[in-house]
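The exercises below are meant to be worked through with the sequence and the structure side by side. Try each task before reading its solution.

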Amino acid sequence: MTILELIRTTATDTLVALIPIAAIFGFVQFVALRRPIPQLRSTLVGFGFVVVGITLFLVGLQLALFPLGKSMAEQLVGLATPGSGPGTGGVAGGVDGGVSGGMAGAVAADVEVWRYWPVLAFGLAVGFASALAEPALMAVALKASEVSSGGINPLYLRIAVAIGAGTGISLGCFRIITGTPIVPYIAVGYSIIAVQALRAPREIVALAFDTGGVTTSTVTVPLVAALGLGLATHVPGRDPLVDGFGVIAFAVMFPMLTVMAYAQLGQRRARRATRHTPVVSSGQEA
Amino acid sequence: MVGPVLAALGADLRGAVRDLVPIAVVVSIFQFLVVRTPLPDAGNVLLGAVFVVFGLAFFVRGLQMGLFPIGEVMALGLARRGSLPWLIFFAFALGFTTTIAEPALIAIAGEAAKVAADGGAIEATAAATDGYALGLRITVALSVGVALVIGVVRIIKGWPVHWIIVGGYVVVIVLSPFAPSDILGIAFDSGGVTTSTITVPLSTALGVGLASSIRGRNPLTDGFGLIALASLVPIVFVMVYGVIR
């Protein structure tokens, strides 16, 4: 498919996808609130921008982020298994691949995970860097520090989230490489989160649950999904259908864990500080 | 109106570039230091990156100009009127419509359909893959609608958020052995996919507006948490979709 055709079909799909929003908003505005739409012109221009924006973005995904995620997976796996792929990346990782690689190695059960360190390091780095630079997260961090009246340091909070996102993506890659089922990871992860949620300060709990969603931005989600699918395609013995998804789930889960851990740390420190203050002040009085 | 819009669009372009820079840096470092060969198909990737940057900028600006102002006014207006049936209808409609248009979900559903077709889980025809992708998107959109309804009722009744979340994940873990293995990964991922660009700001506006218009509710603890629900309920719904498909 040429780029122009891709743009045309994507634009039609986008327009169709947006019709329900327009219909509902019009309905609620006129029937429930019985008011005309304020600033109709800028609303319509904005709607047009959204159509153009989603279209360009989806085309860009097909051209850049999906192939990039897949070819990074292919190349980094190529480093780990020198025998299987002599030409590390001559072909674009996107369209081909898959079937042959997945089936051929089905016997090779014993995976030496340490060989795949470049993949794990890449997952860690991508998750950390993109979460740290995520604008939505900066906004949430600032709001959180305001509400906690300075108790939460916005930079530390962002670092906590970034560590969580990096570890999550890396562990998601680890799961695909080893081909282990996803449910035990999720069960253990959320059990820890549940225990933390019962102990951490209440306002942090809601915040922590939301940061999980915030880190998985529109840019990282496709890249990380493609990385996972690429891994499942090229690691011998893995099947994209069964193993390929699930990395995003980890990228959502881990920031909750690290954010609450950070909050609990802060809480403990604060408690210790209040315990010590009277001693200090009485000392000064004396 | 043109001047300020262009200026804002310029700022959004810079923002979109900033979104991509960390990924570009990490990929370059790994490409040059670890892989040590040039990136395959670099021309298309660069062109695509330009598309992504412009797409994000237009998308974000369009949301700011069009959807968010009315969405917020509506959320606040309905929250103040306090009519429960309207609130529930609006919460559901908001969740469903914003999710069906969510670009990340469109992309992931398409990819999931391709993988399912390659793996032989569905027929490898255009009609079958399109149908599967659309089915997935509708399932997730329905689930986000339901999630926002639960979230709104929760805020009104004042149920604590963590019990609902913990209970929800217990349901997820109990259900998961019954779901086919080829849907599990997608189910867990769909939770993260739903909560991106359009859904988060609008549902946060609804939650915060609702919590600040009911006495005795704290916008911070009650207003948030809608997003957590919106990433939990889709897991359950997609698992069920995998069973009955």
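## Exercise 1: The fold of chain B

Read along the sequence, chain B follows the pattern α-α-α-α-α-α-α-α-α-α. The model is a predicted one.

**Task.** State how many helices and how many strands chain B has, and give the span of its C-alpha trace along the principal axes.

**Solution.** Counting the elements of chain B gives ten helices and zero strands. Taking the principal axes next, the C-alpha trace of chain B spans about 60 × 55 × 35 Å.

## Exercise 2: The interface between the chains

**Task.** Describe the interface of chain B with chain A by its residues in contact, its buried area and the helices that supply it.

**Solution.** Begin with the residues: 93 of chain B are in contact with 94 of chain A. The size of an interface is often given as the accessible area lost when the parts come together. For chain B and chain A the buried area is about 8,300 Å², and 81% of it lies on carbon and sulfur atoms. Turn then to polar links, where six residue pairs, both residues at pLDDT 80 or more, are in polar contact between chain B and chain A. The helices of chain B that each supply at least two residues to the side touching chain A include H1 (2–35), H2 (42–81), H3 (84–100) and H4 (103–118). The largest share of that side, 25 residues, comes from H2(B). Sorted by character, the residues on the side of chain B that touches chain A are 61 nonpolar, 22 polar and ten charged.

## Exercise 3: Salt bridges

**Task.** Find the salt bridge between chain B and chain A, and explain why the pair joins two chains.

**Solution.** The count over all chains is three salt bridges. B:Glu111 lies in helix H4 of chain B, whereas A:Lys70 lies in helix H2 of chain A, so this pair joins two chains. The closest N and O atoms of B:Glu111 and A:Lys70 are 2.5 Å apart, and the count between chain B and chain A is one salt bridge.

## Exercise 4: Two helices across the interface

**Task.** Decide whether H2(A) and H1(B) are roughly parallel or roughly antiparallel.

**Solution.** First take the geometry: helix H2 of chain A (residues 40–80) packs against H1(B) at an angle of about 10 degrees, with the axes 11 Å apart. Angles under 35 degrees count as roughly parallel, and therefore H2(A) and H1(B) are roughly parallel to each other. The residues making the contact include A:Phe49, A:Leu65 and A:Met72 of H2(A), together with B:Val5, B:Leu20 and B:Phe30 of H1(B). Finally, the residues of this contact of H2(A) with H1(B) divide into 13 nonpolar, two polar and no charged.

Methods
Residues are numbered from 1 along each chain as its sequence is written. Chains are lettered from A and ligands numbered from 1 in the order in which they are written. This is a predicted model: local features need pLDDT of at least 70, side-chain atom pairs count only at pLDDT 80 or more; totals for chains, interfaces and linings use all residues. Side-chain values use heavy atoms; hydrogens and water are left out. Contact means heavy atoms within 4.5 Å. Buried area is the accessible area (1.4 Å probe) that two parts lose on being put together, summed over both. A salt bridge is a side-chain nitrogen of Lys or Arg within 4 Å of a carboxyl oxygen of Asp or Glu. A polar contact is a pair of N or O atoms within 3.5 Å; within protein, one must be able to donate a hydrogen and the other to accept it, and residues adjacent in sequence count only if both atoms are side-chain atoms. Helices (H or I, at least four residues) and strands (E, at least two) are DSSP runs, numbered from the N terminus. Ala, Val, Leu, Ile, Met, Phe, Trp, Tyr, Cys and Pro count as nonpolar, Asp, Glu, Lys and Arg as charged, and the others, Gly among them, as polar. Axes are lines fitted to C-alpha atoms, for helices over the stretch in contact, and angles run from 0 to 180 degrees between N-to-C directions. Angles under 35 degrees count as roughly parallel, over 145 as roughly antiparallel, 65 to 115 as roughly perpendicular and the rest as oblique.
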